[in-house]
Amino acid sequence: MLRLASKMAMARKGRLVLTSLAIILGTSFLSGTFIFSDTITKTFDRLFTDVFRDVDAYVRSSSFIEVPFGGEQRGSTPIDALPTVLEAPGVADATGDIQAFARIIGKDGEPIGLDNGPPTFGGIASASVAGLWTIEEGRLPEGPSQMVMDRASADDGGFTVGDTVRVNAQSGSREFELVGIASYGDISSPGGATFALFDQPTASEFLLKPGNVDAFLVQGDGSMSQEELAASIQSRLDPSLKLEVLTGARIAEETKDQIGQAIGFLTTFLTIFSLIALGIGSFVIYNVFSITTAQRLRENALLRAIGAERGQVTRMLLVEAVAIGVVGSLLGFLSGIAISQGLKALLAAFGGEIPSQGLSIAPSAAVITIVVGTVVTIVAAILPALRAGRVPPLAAMRDTAIETVGTGRTRLVIALVALAAGGAAVAASLAGADNLVLGLGVMLVFAAVITAGPLLAKPVGLGIGRPIAALRGITGSMARQNAVRNPKRTARTAAPVLIGVALVTAFTAFAASVRTQVRDAIGEQFRGDYAVSSPQQGFGGLPVSLADEVAAVPGVTQATGLGFVAVKIDGESRFVAVIDPTSASGLVDYKMVQGDQRSLDAGGILVTQSRAEAKGWALGDVLDVQLVDGTERPLAIRGTFDAEGFLGSYVVNQEVFAGSDTTLFDQFVYVTTDGSEGVRDALFDATEARGLGSLQSRDEFIDDQSGQINQILALINALLGLSIIIAVVGIVITLLLSVYERRREIGLLRAVGMTRSQTWGTVTWESVITSLYGAVSGVALGIGMGALLIGVLADDGISAFTLPIGGTIVILVISFVIGVLAAIYPAWRATRTDIMQAISTT
């Protein structure tokens, strides 16, 4: 039986290749993700091992705040502690280290590096052997007017030693003389980041606060181990400084882990879409095996008639599934190598440099890819294989292939139970249950819709086909009837389209709702004429002094800055909005429910009304707020405001941070003017011309901020495009098998006068009806999912659902095009049917 199964699989090479294509597409992306991740991880492991080879100990602040959405911010280290470190037994050398925000401005006035791309750092260049940078050209900087930059930035900006370079940082915008070019280990720049390097006093004053650095890099004299050296230094530090000492090996590992976390998020993101693609591919495989099982009815019955047992017939079909799974997964793994190179090129296009000479392919990547692809294929083939084993020997006497279509009563019950369970889980999540409950509910709703597919396919298909029949006459009518002839097959074929379209529609609806909400919120809260916005999100921003500089521009009547910083509020890490209440009055309207926005002083805080109600807070209650350097600030609630998901859930006065080591930036500077001629040009010269943010009018700013989610939507839709491609493959295979199955029918129609063009039209319109059935069902399901997402996020200020009418129309048009394209090859095959041979087929 094994030999027979192998021969039968090889006898249908075309079907084998087409079915394998669904697995190849899914596993190639999975394999590419694994290879891409392994390459980045091992590259940076080698890099940081090399960079930290001379660092035996690392001294830093023990005060830190975990930033919401990942990462952490630490307090500064006083440079006055460096002599204590240098005097510790076992220390050969030590130097300060800073990795703070600094943006190098190119000769053309444009910032070097991509907005929201790799970070733009400022740091220290020193002669210490414990330092991380090596001077390639020129010399080290000396004094407040000199700097060094990394080789990659110098090449990108066309800078050479002796040039004048503008750099923007926390303390403002300044010009420096470029006196040297440096490398980081043996590469020009790590991960595509840019670096502006200064001597320690200049770096501290310009990037942080005078007298502070981020940490000390320490080299030992070899007389003790790294652990002993760290303990020696720790014992001599004043506990009141709140400093901790790590070994060089630990800080190197910690740095690797930080890269790993960032890459892990990307890998997880890509892996999810790979698994979605594989899941959709499993529908294609299940459909193909179900159809082939029906078409090989006589073949399997003959095997039963000559003595084959049920299990043997079942195993024979599973052998074919294993062959398809292994071949498809292996080809998918090999294709993944090209995918990983594409991901690497895509990362480079966004400014992320991977300093590697080749790819790193771990054996586990191949094993996981092949195992996952094969298991998915086998699972998808199990039910068709079991049905094949149950074929009675008497079925060998039938002339035609029959795929049975039951009454659907059991199917309806299962679908209703799944829908009820999914609805209950969704309701529980809306009531505050864990997100895992929401995920389970969504999966159950999907399962209910797919299970009920064969019951919906006929009425929905007939409805979709009605205008086609009216417009295209006999070809449209035949296509309409063919599309619903076997509702189970139609539903299975359309299922991949349904899933893909549902996900695309859900994200489109969510994005449309967020755009509308953000647009309305900004329109209500921002009262100015112009806005200067920072392209950096979460790292750096605009100097807080910029608002005062803008306010001094002729024609400007008012200017205020708005920033965000991480703090701990009652032990929980939160972002708070930072404003100057005096200058913000009239420019930023927080829609106060209780209290007065202008009463916000250095001892107060504003909280959203929903957060106050959830926590049981009232006006005058004192919240314990901890700053990044460990400073405690008891802040009383001065007022509550309506949350709109744009200006944050907490607001504090800039004066809260006075006397602390917290580095502040503004994310936006809002401006009102007297409308005089030339005021925009003057504002441009004071901001964007110096590389300080992007100057926009009120309408431009609102459009830009509300449209930022479009970038995320485009990425998600691009990744879901892989699932749509697999859906197209599924439609093509199904139509090819249907054409083969109906070759006698097609031959008879051609014999009584049907033209080739009519044959082509019939197959094409059948494909369109199938595709549109999946699209219509998917759109309905996707809109429901989008509304659900908005409901879940209602407490976060996103509460208004917007129906994406334009996006929905685009999705349906694309689905129509998919149906036409998927029918090209099957329709061509149908028109080439040999009439006499088809008529004589039994």
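Which residues does T377 touch, not counting residues up to four places away in sequence? T377 touches I23, I285, A321, I324 and G325, where contact means heavy atoms within 4.5 Å.

This is a predicted model, in which local features need pLDDT of at least 70 and side-chain atom pairs count only at pLDDT 80 or more, while totals for chains, interfaces and linings use all residues. Residues are numbered from 1 along each chain as its sequence is written, and side-chain values use heavy atoms, with hydrogens and water left out.

**T377 and its setting**

T377 is found in helix α10, which covers residues 363–389. Helices (H or I, at least four residues) and strands (E, at least two) are DSSP runs, numbered from the N terminus. T377 has a relative accessible area of 0%, so T377 is buried. Buried means under 20% relative accessible area, exposed means over 50%, and partly exposed lies in between (1.4 Å probe, protein chains only).

**Aromatic pairs**

Rings of Phe, Tyr and Trp (its six-membered ring) pair if their centres lie within 6.5 Å. Planes under 30 degrees apart count as stacked, over 60 as edge-to-face, and the rest as tilted. The count by this rule is 15 aromatic pairs. Among them is F198 with F206, an edge-to-face pair with 5.6 Å from centre to centre and 80° between the planes. F198 is buried, because its relative accessibility is 0%. F206 also has a relative accessible area of 0%, so F206 is buried.

Y670 and F701 make an edge-to-face pair too, at 5.9 Å centre to centre with 70° between the planes. Y670 sits in strand β24 (residues 668–673) and F701 in helix α19 (residues 698–706), so this pair ties together parts that are 31 residues apart in sequence. Y670 has 1% relative accessibility and therefore counts as buried. F701 is buried as well, at 0%. Ring pairs link F526, F668, Y670 and F701 into a cluster.

**Positive phi in two loops**

Two residues other than glycine have a positive phi: K242 and D570. What is the phi of each? The table gives the values, with the loop and the relative accessible area.

| Residue | Phi | Loop | Relative accessible area |
|---|---|---|---|
| K242 | near 55° | between α6 (226–236) and β15 (243–247) | 40%, partly exposed |
| D570 | near 50° | between β17 (556–569) and β18 (572–579) | 41%, partly exposed |

K242 counts as partly exposed because its relative accessible area is 40%. D570 is partly exposed because its value is 41%.
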